[in-house]
Amino acid sequence: MAESGKPRVGIVGAGTMGGGIALVAAAAGHSVVLHDADAGALAAARGRIEQALARRAARGRLTVEEAERIGSRIGTAAGLADLEGAGVVIEAVAERLEVKREVLRAVERVAERDALLATNTSSLSIAGIGAGLSDPGRFLGMHFFNPAPAMELVEVVPALTTRPETVRRAVTLARAWGKTPVVAKDTPGFIVNRIARPFYGEALRILDEGIADAATVDWAMKEFGGFRMGPFELMDLIGNDVNFTVTETMFHAFYGEPRYRPSITQKRMVEAGRLGRKSGIGFYDYREGAVRPRPSGDEELGRRIFRRILVMLVNEAADAVFWGVTTPEEADLAMTKGVNYPKGLLRWGDEIGPAAVLDELDRLRADYGEERYRASPLLRRAVREGTTLTEAGMRGKRGGSC
Ligand code: NAD
């Protein structure tokens, strides 16, 4: 326990996420020890943390003394042994099951006996990562979003073996760190990465069918939906390789669920090295002198594109609630705080009206004859019972067909 009375926090993995989480914990008053197997990564993380603190001080968000105090709370360690006595450990190493298992087993040997152990995995199973621990009851997922200091959401993900007390501790800790925690079921994509799939997938489908080009789809989502970025702009920012891998992982993890079927167009982009901003070209050309294409549709086409993607998103959110991954309230919170959607999707669906959402999905399903467009049972129930999606979701599974 640190002098502040707050537990010492160990972070393993000093990459993009580990460095950010270390800063969050130190800003909340914890003494932090940051470890990475790569000395260069550790030094780079230290540099990024110093820069971030200096920026905050320059903008007047912290005094110079506060920035120095926060920085001084973060120590770096070349070995895991330095995590001895940590009361909270968050693992943020590379996204590989075996590596994470190994790291957490080693952490368990040095951390305090009742330490809270968490993984920041985006796509692996929490149960699978925790399986090798001698006390998996104190382990769960704490999924921060990038950049960790700026993004409010943390998905708290208990595994089958996590004790309820551990969930309460993680939720309390996330709140004390100024975050908004939501509890998610240990299913692929948790809440945000699952519900957001149609934002990319349906946009790619519209492109593949030749209904509209990338610039027109992006314009429609911003103009009529109020999204900060269009799907193609966002895929270019995330990186087509990363975005494609998430979709492909979800598709396989759900045993071929057609809603998550990856796009061959995006696969070709990855194969051709058109990864987006980081490679200089993706759906758009970011190289010097490149001219940005203009949207080519009229308002009617724009509104239709937006509606098609929106009803798929609403359906996905309703389905996540139907399967108990999240609650209506937390589904909406997750999408507004985790990926800055202008509105929660269940609320949005309720504004349009569940019957209108269902009509549109049924029309798409009839036109294409594809399971991809099947409506969630929760949406059908809301329409049948004349309630909102939010109410139908809060009432649980009563009324399902069996
Ligand atoms: P990163 O590649 O930036 O950093 C990973 C770090 O882990 C590297 O510095 C590497 O040297 C270190 N590492 C690898 N094996 C190690 C070991 N055995 N012991 C100690 N250190 C080791 O990756 P990242 O983007 O920070 O992602 C880390 C985790 O967070 C992953 O599980 C990822 O899925 C998850 N995540 C990433 C994002 C994101 O947007 N980048 C968002 C949420 C969650």
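This is a short chat between a trainee and a mentor about a predicted model.

Trainee: What should I keep in mind about the numbers?

Mentor: Local features need pLDDT of at least 70 and side-chain atom pairs count only at pLDDT 80 or more, while totals for chains, interfaces and linings use all residues. Residues are numbered from 1 along each chain as its sequence is written, and side-chain values use heavy atoms, with hydrogens and water left out.

Trainee: Why is Arg138 called buried?

Mentor: Buried means under 20% relative accessible area, exposed over 50%, and partly exposed in between (1.4 Å probe, protein chains only). Arg138 has a relative accessible area of 5%, so Arg138 is buried.

Trainee: And what makes Asp135 count as partly exposed?

Mentor: Asp135 is at 22% relative accessibility, so it counts as partly exposed. Pro158, in strand β7 (residues 153-158), gets that label too, at 21%.

Trainee: How do you know that Arg138 and Asp135 form a salt bridge?

Mentor: The rule asks for a side-chain nitrogen of Lys or Arg within 4 Å of a carboxyl oxygen of Asp or Glu. For Arg138 and Asp135 the closest N and O atoms are 3.8 Å apart, so the pair is a salt bridge. A search of the whole structure finds 35 salt bridges.

Trainee: What about the pair Asp367 and Arg363?

Mentor: Their side chains meet at 3.5 Å, N to O, in a salt bridge. Both lie in helix α16 (residues 354-368), four residues apart, about one turn of the helix. Asp367 has a relative accessible area of 54%, so that one is exposed, whereas Arg363, at 43%, counts as partly exposed.

Trainee: Why does Lys179 have no salt bridge?

Mentor: The nearest side chain of opposite charge, Glu152, is 7.9 Å away, and the cut-off is 4 Å, so Glu152 can't qualify. Opposite charge here sets Lys and Arg as positive against Asp and Glu as negative, with His and the chain ends not counted. Lys179 is buried, too.

Trainee: What does the side chain of Lys179 have as a polar partner?

Mentor: The backbone oxygen of Ala148 lies 2.6 Å from a polar atom of that side chain. A polar contact is a pair of N or O atoms within 3.5 Å; within protein, one must be able to donate a hydrogen and the other to accept it, and residues adjacent in sequence count only if both atoms are side-chain atoms.

Trainee: What makes Asp36 a polar contact of the ligand?

Mentor: A polar side-chain atom of Asp36 lies 2.6 Å from an oxygen atom of the ligand, and the limit is 3.5 Å, so the pair passes.

How values were computed:
Helix = DSSP H or I, 4+ residues; strand = E, 2+ residues; numbered from the N terminus.
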